[in-house]
Amino acid sequence: MSGPADVAPVTLDGVRYEAIHWGKQRGLGQNGGFVAAYDVASGDELWVQRIYEIVYGNKSPQKYDIFIRDMIPIDGGAALRIIDGTGRVFRLMLNNRDVLLVAEPVTAPTKPSPLKPPPATD
């Protein structure tokens, strides 16, 4: 995956929401996939919510990192629409921190190779 993009924080009703890119440095177990909420007045961190899980395989760990690339308030400020580096879209409900996968990325169907004969039909 590519590195993290600058994701603008979102401020709603005195709370600033920020994407956390380097979660491993904070002991969160993965890089990317977290949103933190901060009280604007005090600067105190209120909570951290994992939006999606990253499963690390045998390759170099950074090959698996998936970062949040966009965060937009929706539903009149009741939720955030979060898009990750693969194109998945999530909804984070701010009142209870429920996370819902809204859409998977659209992938084009693979075309048959013109060098390969079509499969035999009976």
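These questions and answers go through the two sheets and the nonpolar core of a predicted model.

Colleague: In what order do the strands stand in the open sheet that contains β1?
Modeller: That open sheet has 4 strands, and their pairing is antiparallel. From one strand to the next, the twist averages 20°. The order is β1-β2-β3-β4.

Colleague: Why is one side of β1 and of β4 left without a neighbour in the sheet?
Modeller: β4 covers residues 45-50. One side of β1 and one side of β4 is left without a neighbour in the sheet because each stands at an edge and has a single partner strand.

Colleague: Which residue stands opposite T11?
Modeller: β1 and β2 run antiparallel and are joined by 3 bridges. The residue opposite T11 lies in β2. It is R16.

Colleague: Which are the edge strands of the sheet that contains β6?
Modeller: This open sheet also has 4 strands, in the order β5-β6-β7-β8, with antiparallel pairing. The twist here averages 25° from one strand to the next. The strands that pair on one side only are β5 (68-74) and β8 (99-103).

Colleague: What is the bridge partner of I83?
Modeller: Strand β6 takes in residues 79-84 and strand β7 residues 89-93, and the two pair in the antiparallel sense over 5 bridges. The partner of I83 lies in β7. That partner is V89.

Colleague: Which residue in the hairpin of β7 and β8 takes a positive phi?
Modeller: β7 and β8 run antiparallel and are joined by 4 bridges, and L92 stands opposite V99 in β8. The hairpin has 5 residues between the strands. The positive phi, near 65°, belongs to R97.

Colleague: Which strand supplies the largest share of the largest nonpolar core?
Modeller: The core has 20 residues. β1 (10-12), β2 (15-20), β3 (34-39), β5, β6 and β7 each supply at least two of them. The largest share is 3 residues, and it comes from β2.

Colleague: Which residues touch the most other members of this core?
Modeller: In soluble globular proteins, nonpolar side chains tend to be buried together. Here the core counts 20 residues, and those that touch the most other members are Y17, L80 and I82.

Colleague: With which residues is L80 in contact, leaving aside its neighbours within four places in sequence?
Modeller: L80 is one of the residues that touch the most other core members. Contact here means heavy atoms within 4.5 Å. With the neighbours within four places left aside, the contacts of L80 are V10, L12, Y17, M71, I72, P73, I74, F90, R91, L92 and L94.

How values were computed: Residues numbered from 1 in each chain as written. Predicted model: local features only at pLDDT ≥ 70, side-chain atom pairs only at ≥ 80, totals over all residues. Heavy atoms only, no water. Pairing = 2+ DSSP bridges. Axes fitted to C-alpha atoms, helices over the stretch in contact; angles between N-to-C directions. Core = buried A, V, L, I, M, F, W, Y, C linked by side-chain atoms within 4.5 Å. Buried < 20%, exposed > 50% of the residue type's maximum accessible area, 1.4 Å probe, protein only.
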